[in-house]
Amino acid sequence: MDKFDDLLRRFEELNEIGAALSNERNIDALLEKILLAAKSITHADGGTLYRADEDGEQLRFEIMRTDSIGIAMGGTSGKRIVFPPLPLHLPDGTPNRTMVAAYCALNRCTVNIADAYTADGFDFSGTRAFDARTGYRSTSFLTVPMMNHEGRVIGVLQLINAVSPVTGAVGVFSDADRRLAESLASQAAIALTNRQLVSQLEELFESFITLINNAIDEKSPYTGGHCQRVPSLTMMLAEAVNDTAEGPLAGFTMSDADRYELKIAGLLHDCGKVTTPVHVVDKATKLQTIFDRIALVDTRFELLRRDLELSTLRSRVSAGPEASAEELAAIERQGEDRLRELEADRAFLHHANIGSERMSDADIERVHAIARRWSWTDVRGETRACLSDDEVENLTIRAGTLTAGEREIINQHIVSTLRMLESLPWPRHLGNVPEYAGGHHERMDGKGYPRGLTREQMSVQARVMGIADIFEALTAKDRPYKRPMKLSEALHILGKFRLNGHIDPDLFDVFVRKQVYLRYAEMFLDPEQIDEVDLSAIPGYTPY
């Protein structure tokens with residue numbers, strides 16, 4: 001091959017490298033490609049790629065390769081570079097012009113050295129020490145700055161020992177080598193800057209999402225961490241499905257881009273809760289609004305107690321001095337009986353207000369009876385029932401602490417989530433985020449909300465998120481209206497949901513078979529919640 005053919009081949013290789021660099025998303029892999037490409041097109045035996053730190057005062061070693069003595073450090077090699085960074089300025093503040101890489105960065109110019117052992121003006125003592133330790137002979141150096149679109153040096157590419165492809169002898173880097181290396185350094189700087197900008201934008205975007213989630217979680221001390229735990233469980237289950245090689249989900253696979261899209265959807269699945277009123281999100285008891293109105297009920301019952309005591313005293317006075325001891329004792333007994341009845345009703349209302357267990361028909365009727373039985377007189381002399389109609393409605397909630405109207409407000413958060421997410425101009429690789437995030441309250445039988453989608457109308461990712469959201473809620477240890485469930489209890493309920501069309505049966509089988517529930521529990525649950533699970537007792541699940 002003559003010199004012209006070799007140069008043409010290297011130009012073609014340079015074009016191919018440029019296309020490859022523009023497609024690389026991982027910065028470490030990108031840096032490695034840059035150095036390997038530079039070595040290839042210049043026939044260099046070794047090379048080092050440095051990156052400038054943020055303040056532009058140091059050059060950090062990122063990648064080192066020397067083929068003839070088998071040195072591979074940094075990048076995908078798995079070997080960490082232990083050399084200290086090169087300072088661009090000396091301790092007294094003067095420019096460090098004796099180190100060739102520092103000189104190259106400071107002066108924004110290429111330095112081509114024929115032989116490090118005879119070069120003047122540069123300190124190659126470290127190179128000589130390296131050669132003495134390894135038996136290597138560092139001869140020619142080609143050092144090229146990598147400058148971004150603003151003219152700032154973001155790195156330095158240093159190539160060592162130009163090897164003749166014909167004879168194998170070490171020679172000097174040619175002008176063609178220099179031009180090719182400079183062209184590659186320019187393309188590499190653009191690719192690296194673009195990748196850094198994308199990474200910074202992604203980091204900013206994810207930080208903004210985290211900010212929103214933290215605000216939502218801090219909005220209620222009783223759901224703190226939900227927006228962090230659900231995405232984690234979502235990714236665990238999705239990875240388990242991705243690793244499934246048999247069954248109806250064997251064809252499901254995820255690329256890195258798919259994983260990132262699902263991660264973002266998981267982080268945003270409850271963003272609509274920013275619109276949900278605090279007193280509904282934070283409703284720990286049935287009578288709670290901005291404060292727990294059971295305190296008002298207590299105040300009224302205290303008035304009723306004093307009224308009863310006053311009534312007893314008045315009855316004693318009305319009986320007169322001629323009343324017998326038996327008559328006075330009867331008055332006292334009647335007053336005490338009424339006080340005991342009042343206190344029993346007050347204690348019952350306190351218990352009903354907690355909402356920790358399902359109310360029976362008898363308990364609901366007792367609330368209504370208490371409202372009819374006791375009345376008090378306000379400052380205007382008007383007689384009022386001890387419980388208002390709204391308080392009766394809240395205290396007779398059969399399960400939980402939310403009325404039907406409040407539950408509708410809570411459910412509205414998913415509508416707000418969809419509306420917010422669908423209004424954003426998502427790039428193509430994140431186009432499915434609204435569908436994934438907005439489907440976690442749908443059911444497989446079409447009875448969910450907000451759109452009443454069936455299993456066939458939903459993506460696997462949205463169905464995965466639905467299971468994650470439910471399991472997190474069942475096992476959460478920060479809900480005031482219920483105790484945190486043990487694993488066996490939560491899986492039993494999920495099994496019922498599998499049978500009644502609430503959740504995807506195939507995903508549930510993977511969730512159990514791959515022990516996703518256990519890995520999640522070990523990360524997020526208290527030790528006392530992690531009990532032994534009898535898989536044969538889970539409804540609808542058949543163990544291997």
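In what sense, and over how many bridges, do strands S6 and S7 pair? In this predicted model, S6 and strand S7 (residues 153-163) pair in the antiparallel sense over seven bridges.

## Strands S5, S6 and S7

One of the bridges between S6 and S7 joins methionine 146 to its partner in S7, glycine 155. The two strands form a hairpin with five residues between them. Within that turn, glycine 151 has a positive phi of about 80°.

S6 also pairs with strand S5 (residues 111-113), in the antiparallel sense and over three bridges. Here isoleucine 113 has phenylalanine 141 of S6 as its bridge partner. Strand S6 spans residues 141-147, and six of its seven residues are buried, so S6 is largely enclosed by the rest of the structure.

## Strands S1 and S2

Strand S7 has a further partner in S1, with which it pairs in the antiparallel sense over seven bridges. Alanine 44 of S1 is bridged to alanine 162 of S7. Strand S1 (residues 44-52) is mostly covered, with nine of its nine residues buried.

S1 is also paired with strand S2 (residues 58-66), in the antiparallel sense and over seven bridges. Tyrosine 50 has phenylalanine 61 as its bridge partner in S2. S1 and S2 form a hairpin with five residues between them, and glycine 56 in the turn has a positive phi of about 70°.

## Packing of helices H5, H6 and H7

Two packed helices are described by the angle between their axes and the distance between the axes. Helix H5 (residues 175-219) and H6 pack at an angle of about 120°, and their axes are 8 Å apart. The two helices are therefore oblique to each other. H5 contributes Asn213, Asn214, Ile216 and Asp217 to the contact, while H6 contributes His226, Cys227 and Gln228. By class, these residues divide into two nonpolar, four polar and one charged.

Helix H6 (residues 226-242) also meets helix H7 (residues 256-267); their axes come within 8 Å and cross at roughly 150°. This angle makes H6 roughly antiparallel to H7, and the crossing is right-handed. On the H6 side the contact is made by Cys227, Pro231, Thr234, Met235, Ala238, Glu239 and Asn242. On the H7 side it is made by Arg259, Leu262, Lys263, Gly266 and Leu267. The contact of H6 with H7 comprises six nonpolar, three polar and three charged residues. Cys227 of H6 takes part both in the contact with H5 and in that with H7.

## Methionine 458

Is methionine 458, in the loop between helix H14 (433-438) and helix H15 (460-475), buried or exposed? Methionine 458 counts as buried, at 5% relative accessibility. Beyond residues up to four places away in sequence, methionine 458 touches Glu435, Gly439, Glu442, Met444, Leu453 and Arg463. One of these, glutamate 435, is 23 residues apart from methionine 458 in sequence and 8.2 Å apart in space, C-alpha to C-alpha.

## Tyrosine 541

Tyrosine 541 lies in the segment after helix H18 (516-524). This residue is buried, with a relative accessible area of 6%.

Which residues does tyrosine 541 touch, not counting those up to four places away in sequence? They are Phe508, Asp509, Val512, Arg513 and Leu535. The C-alpha atoms of tyrosine 541 and valine 512 are separated by 8.5 Å, although the two residues are 29 residues apart along the chain.

How values were computed
Residues are numbered from 1 along each chain as its sequence is written. This is a predicted model: local features need pLDDT of at least 70, side-chain atom pairs count only at pLDDT 80 or more; totals for chains, interfaces and linings use all residues. Side-chain values use heavy atoms; hydrogens and water are left out. Axes are lines fitted to C-alpha atoms, for helices over the stretch in contact, and angles run from 0 to 180 degrees between N-to-C directions. Helices (H or I, at least four residues) and strands (E, at least two) are DSSP runs, numbered from the N terminus. Angles under 35 degrees count as roughly parallel, over 145 as roughly antiparallel, 65 to 115 as roughly perpendicular and the rest as oblique. A crossing is left-handed if the near helix is turned anticlockwise from the far one by less than a right angle, and right-handed if clockwise. Contact means heavy atoms within 4.5 Å. Ala, Val, Leu, Ile, Met, Phe, Trp, Tyr, Cys and Pro count as nonpolar, Asp, Glu, Lys and Arg as charged, and the others, Gly among them, as polar. Buried means under 20% relative accessible area, exposed over 50%, partly exposed in between (1.4 Å probe, protein chains only). Two strands pair if DSSP finds at least two bridges between them.
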